[in-house]
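Work through the exercises below with the sequence and the structure side by side, and try each task before reading its solution.

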Amino acid sequence: MNHETKKSHPLICDIETGMCQTPEENSHTATQSNIKSSAKSLKLIYFTDPICSSCWGIEPQLRKLKLEYGDAIEIEYRMGGLLPDWNYNSGGISKPADVAHHWDEVSIHYDMPIDGDLWLEDPLDSSYPPSIAFKAAQLQDKEKAYWFMREIREMVFLKKKNIAKWKHLATAAKNVGLDVEQLKMDYEGNAKKLFEEDLHTAQSFGVRGFPTVFIQDDAGNQEMVYGARPYALYEAAILTLHPDIEKSEYNKNWQTLFLKYPSLTAKEFSVLSGVPRVESEKVLDGLSNEGTLEKLSTKNGAVWINKKQ
């Protein structure tokens, strides 16, 4: 696929660049943000979308960043609006079923379980509803909002759930301990405005697709990582801005990792534990065979879940 093409469909993520592009590329470029900094040394602003397959592909990198640099970096999630509707017809994509095979290919490329049959069985009309629901979750609790995002991503990529439907969003909210009634009120109220503000912020930053990560220091210096990239590139951007930043050591045994992250794919477990990828699935299967972990399998891989969480 030619990543110079501007008219590719937003759901066809370019494996070469690791990017799912928005329907209209923005000519603006970002130089400095007016987003307020936090008490932490750096701010990582992550422009994403709940159904962005390349964003699912960098979950291992982001989870490792939180473990190694979470004490020094504030991570802020911003929604970008990947799929407004199906009126955008290009790149050979005119209907949801056209995306199914692509998602299966992306799953293999990122070594992360994705079941493209969602687009054949119960396709989404838009990624806006789950994006607005995430903003509603942020109004309640930023930490629970993070877990809500993970929950709805597992729903859409592994369980083939149409997360544009409220019933699935409500289930996800309940699973992570959010107040479902409050979420619905905010979803129908203030969260819509917050989502629109995120879209405007993405435009002002010149964001052309997802994932896009900006890392900023208090002086307004900024590094950008565009698309799904190896962990070393995210770390290099951090060290460029803050060469003396302290990296946290963390316990890499499976018990500790599954306490921090109750569900892990084989790729995630490998990246976080240091167990070679060829062995990580065997380790996790052994734990599920013992009854310690629960394994949720898809046609393109699996996720292992801490049954005690």
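Asp104 is buried, with a relative accessible area of 16%, where buried means under 20% relative accessible area, exposed over 50% and partly exposed in between (1.4 Å probe, protein chains only). This is a predicted model, in which local features need pLDDT of at least 70 and side-chain atom pairs count only at pLDDT 80 or more, while totals for chains, interfaces and linings use all residues. Residues are numbered from 1 along each chain as its sequence is written, and side-chain values use heavy atoms, with hydrogens and water left out.

**Exercise 1. Salt bridges**

Find the salt-bridge partner of Asp104 and state which parts of the chain the pair ties together.

Step 1. A salt bridge is taken as a side-chain nitrogen of Lys or Arg within 4 Å of a carboxyl oxygen of Asp or Glu. By this rule the model holds 23 salt bridges, and in one of them the side chain of Asp104 meets that of Lys299 at 3.1 Å, N to O.

Step 2. Asp104 belongs to helix H3 (residues 100-110), whereas Lys299 sits in the loop between strand S8 (293-298) and S9, so the pair ties together parts that are 195 residues apart in sequence. Helices (H or I, at least four residues) and strands (E, at least two) are DSSP runs, numbered from the N terminus. Lys299 has 46% relative accessibility and counts as partly exposed.

Step 3. For a second pair, take Glu268 and Arg150, whose closest N and O atoms are 2.7 Å apart. Glu268 lies in helix H12 (residues 266-273) and Arg150 in helix H6, so this salt bridge ties together parts that are 118 residues apart in sequence. Glu268 is buried at 0% relative accessible area, and Arg150 is buried at 4%.

Step 4. Salt bridges with shared partners also join Lys43, Glu74, Glu76, Arg78, Lys135 and Asp198 into one network.

**Exercise 2. The largest pocket**

Describe the lining of the largest pocket, by element and by kind of residue.

Step 1. A 1 Å grid is laid over the protein atoms alone, and a pocket is an open set of points where a 1.4 Å probe fits, with protein on both sides within 12 Å along at least five of seven lines; lining residues have an atom within 4 Å of a point. The largest pocket has a volume of about 550 Å³, a volume being the space filled by probe spheres set on the points, which are joined across faces, edges and corners.

Step 2. Its lining has 18 residues, and those nearest the centre are Ile75, Glu76, Tyr77, Lys142 and Glu143. Strand S3 (73-79), helix H5 (128-140) and helix H6 (142-157) are the elements that each give two or more residues, and S3 gives the most, with six.

Step 3. The lining residues divide into seven nonpolar, two polar and nine charged, where Ala, Val, Leu, Ile, Met, Phe, Trp, Tyr, Cys and Pro count as nonpolar, Asp, Glu, Lys and Arg as charged, and the others, Gly among them, as polar.

**Exercise 3. An open sheet**

Work out the strand order of the open sheet of three strands, and name the strands at its edges.

Step 1. The order is S7-S9-S8, with antiparallel pairing, and two strands pair if DSSP finds at least two bridges between them.

Step 2. Strand S7 (263-265) and S8 stand at the edges with a single partner strand each, so one side of each is left without a neighbour in the sheet.

Step 3. S8 and S9 pair over six bridges, and Lys295 has Trp304 in S9 as its bridge partner.
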